[in-house]
Amino acid sequence: MMKIAIASGKGGTGKTFVATNLFHALYKNNYRTKLVDCDAEAPNSIAFFKTKLIKESDVTQLVPVIKTDNCTFCGQCHEYCNYNAIFILPPMKIIKVIEDLCHGCGACSVACKFGAISEKPVSLGKVASYSLKNKPLLLEAKMNIGVMSPVTVIKAAISQIDNQSDIVILDAPPGTSCPFIQTVASADFVILVTEPTPFGLSDLKQSVETLRKINKPTGVIINRAGLGNNQVREYLLREEIPLLLEIPFKKEIAASYSRGEIMSETDSFFAQQLLSVVENINEQYGNSNNKW
Amino acid sequence: MNNMEIAIISGKGGTGKSSISAAFATLNGEVLLADCDVDAANLYLLFNPSHEEEEVFIAGEKAFIDYSLCTNCGICVDYCRFGAISFINEKVSISEILCDGCRLCSRICPENAINMVPNDKSMMYSGSFRNGKMVYGRLSPGEENSGKLVNMVREKAKEIAKENNLETIILDGPPGIGCPVISTITGVDKVVIVTEPTISGLHDMQRTVEIVKKFSLPAFVIINKYDLNSDMSDQIEDWCRQNKITIAGRLPFNKQVVEAMVMGKSIIEFAPDNEISKNITIIWDKITKQKK
Ligand code: SF4
Ligand code: SF4
Ligand code: SF4
Ligand code: SF4
């Protein structure tokens, strides 16, 4: 199995456009493929397909519950919590868990020597599995509103990928912080989608630096080529980063995308271009101990 | 003097949020512009602010094993809830990517072999730009706690605004609905949500509105590139009306916005007579003049 993450330093460069089209092109050409939407704060890929929800699993995290009857207000749990999630005022006999700040690390339970701490699960979001023509081909990570970090939900979605597919497409969250890293860490190759503008270049550079730090092979798709300037191309040349594809800027593409259409469905040339991108990646970076 | 803090956000990136923030920042009178998109700070590219001050931001910690002390007992492996510690080639090792920095392993290691090292690569900068003062943060790749960096940026912004008698604080927010977004909008006077007429634009806007409502903040929606799909734009407007969200205005798609960016200018500076510039002026008045 080969996992390809589609990412972009900033959102809105066409990451989901590429991910959905790539998945569709592979699917139409009888590859065993799967699409996993890891952009848990704003998952949007599934809406492009006529799917059926087949399963939804809750993703939870444990947070401590403090039984004040047993608590001696010794403060050890507060001491152990590295996220300031336990508020304690011993003279007033007040102790409170601030669930929003809790990362569920379990340190406070280890700290408490008086059996005052138990744990309860709280929901962080869901992983939903969808079928396309009766095959379970799509997964979606969706974080609950008000939750601080999507990382746990993303990890849960990735862990649900079975080995029924040869090429898995991960629609990664934007940015280069923790959620992005957690997603791309599991991928064999990362396609960065950028646009040829100064903002696009700045974000691209940051993504490239991040991926180099964790030694991920990377290639770039320039979306909306023709808008903006030539700096992204020059940067790729200079840094010897493969330019996998350029998708020209056309107002019709943006309009058809906005209607929820999959361009590779009607544009077979585009579908073919995407397929060769994947085939080239697979030849060079395909997971050798897991050949398909 | 009372500040007016206005946060510009969007459920997803690439809706043109930063370009609109840049336009607002160059309309008239000097402002304090704070780039709260610390994961992909971009506005400095347009405004080239001077670096008058910089501060290191500590974004949590990571655990490292001192192998001269470690006996390879494996106790820490079972304590780590983030799956960051495992045996690799029969040797205990910690994955820098997976470590959440909770410190528990370091506390329970019988040999005191685990040290916590602060993540100190993130920075906050402040200085002047051609229309006032600017503050921005840059989160180092792979790091979390971006909400805290946003808080730091906002505090600095208020401080500088006060020193310089700048009434208006414009916060360019991050995409998504997670912690950094919440940090950006908490306690602001007004929230502007920039969306685009796509299926995902509508979805993301709805999720963003939910967040904004949780904090009972006055929200304004701008539909950017509305002409890419007028039906969808109508749908978005209907939804806003039903949910009592003010539509601040619609902006058409225009290549000049990208050209302005390439020239390092806001659209207001680049093409003051363009329809978009005129509309942005009207939108700004509508947002700022409405009573709290
Ligand atoms: S589980 Fe960890 S983060 Fe949560 S309160 Fe306990 S020590 Fe703090
Ligand atoms: S460690 Fe246990 S006893 Fe001590 S303050 Fe925390 S909950 Fe109470
Ligand atoms: S608990 Fe300490 S000594 Fe034991 S394996 Fe972990 S680091 Fe090494
Ligand atoms: S600090 Fe916490 S997350 Fe990091 S390795 Fe230690 S136990 Fe695991």
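Q: How far apart do the C-alpha centres of domain 1 and domain 2 of chain A lie?
A: This is a predicted model. In chain A, domain 1 is assigned to 2-59 + 126-285, and domain 2 to 68-115. The distance between their C-alpha centres is 41 Å.

Q: In chain B, what separates the C-alpha centres of domain 1 and domain 2?
A: Chain B also has a domain 1, covering 4-57 + 122-289, and a domain 2, covering 61-118. Take the C-alpha centre of each. They lie apart by 41 Å.

Q: How many residues does chain A bring to the contact with chain B?
A: Contact here means heavy atoms within 4.5 Å. Chain B gives 57 residues. From chain A come 58 residues.

Q: What area do chain B and chain A bury between them?
A: The area is summed over both chains. Carbon and sulfur atoms carry 59% of it. On the chain B side, B:Arg81, B:Ile97 and B:Arg207 lose the most area, together 13% of what that side buries. The area buried between the two chains is about 4900 Å².

Q: Which side chain of chain A meets B:Asp227 in a salt bridge?
A: Between chain B and chain A there are 2 salt bridges. One of them involves B:Asp227, with N to O at 3.5 Å. Its partner is A:Lys251.

Q: Which helix supplies the largest share of the side of chain B that touches chain A?
A: There are 22 residue pairs in polar contact between chain B and chain A. On the chain B side, helices H2 (43-47), H4 (104-108), H6 (179-185), H7 (199-214) and H9 (255-262) each supply at least two residues. The largest share is 8 residues, and it comes from H7(B).

Q: How many charged residues has the side of chain B that touches chain A?
A: Split that side by class. It has 28 nonpolar and 13 polar residues. The charged residues number 16.

Q: How many residues apart in sequence are the parts that A:Lys15 and A:Asp171 tie together?
A: Over all chains, the structure holds 27 salt bridges. In one of them the side chains of A:Lys15 and A:Asp171 meet, N to O at 2.8 Å. A:Lys15 lies in helix H1 (residues 15-28) of chain A and A:Asp171 in strand E8 (residues 167-171) of chain A, so the tied parts are apart in sequence by 156 residues.

Q: How many residues of the shell around ligand 1 are nonpolar?
A: The residues around ligand 1 include A:Cys81, A:Cys102, A:Cys105 and A:Cys108. Cys counts as nonpolar. The shell has 3 polar residues and no charged ones. Its nonpolar residues number 9.

Q: Around ligand 2, how many residues of the shell are polar?
A: There are 14 residues around ligand 2. Among those that come nearest are A:Cys71, A:Cys74, A:Cys77 and A:Cys112, along with A:Gly75. The shell has 11 nonpolar residues and no charged ones. The polar count is 3.

Q: How many charged residues has the shell around ligand 4?
A: Ligand 4 has 13 residues around it. B:Cys80, B:Cys99, B:Cys102, B:Arg103 and B:Cys105 come nearest. By class, 10 are nonpolar and 1 is polar. The charged residues number 2.

Technical notes:
Residues numbered from 1 in each chain as written. Chains lettered and ligands numbered in written order. Predicted model: local features only at pLDDT ≥ 70, side-chain atom pairs only at ≥ 80, totals over all residues. Heavy atoms only, no water. Near = heavy atom within 4 Å. Domains from an automatic or database assignment. Buried area = accessible area lost by both parts, 1.4 Å probe. Salt bridge = Lys/Arg side-chain N within 4 Å of Asp/Glu carboxyl O. Polar contact = N/O pair within 3.5 Å; in protein donor to acceptor, adjacent residues only side chain to side chain. Helix = DSSP H or I, 4+ residues; strand = E, 2+ residues; numbered from the N terminus.
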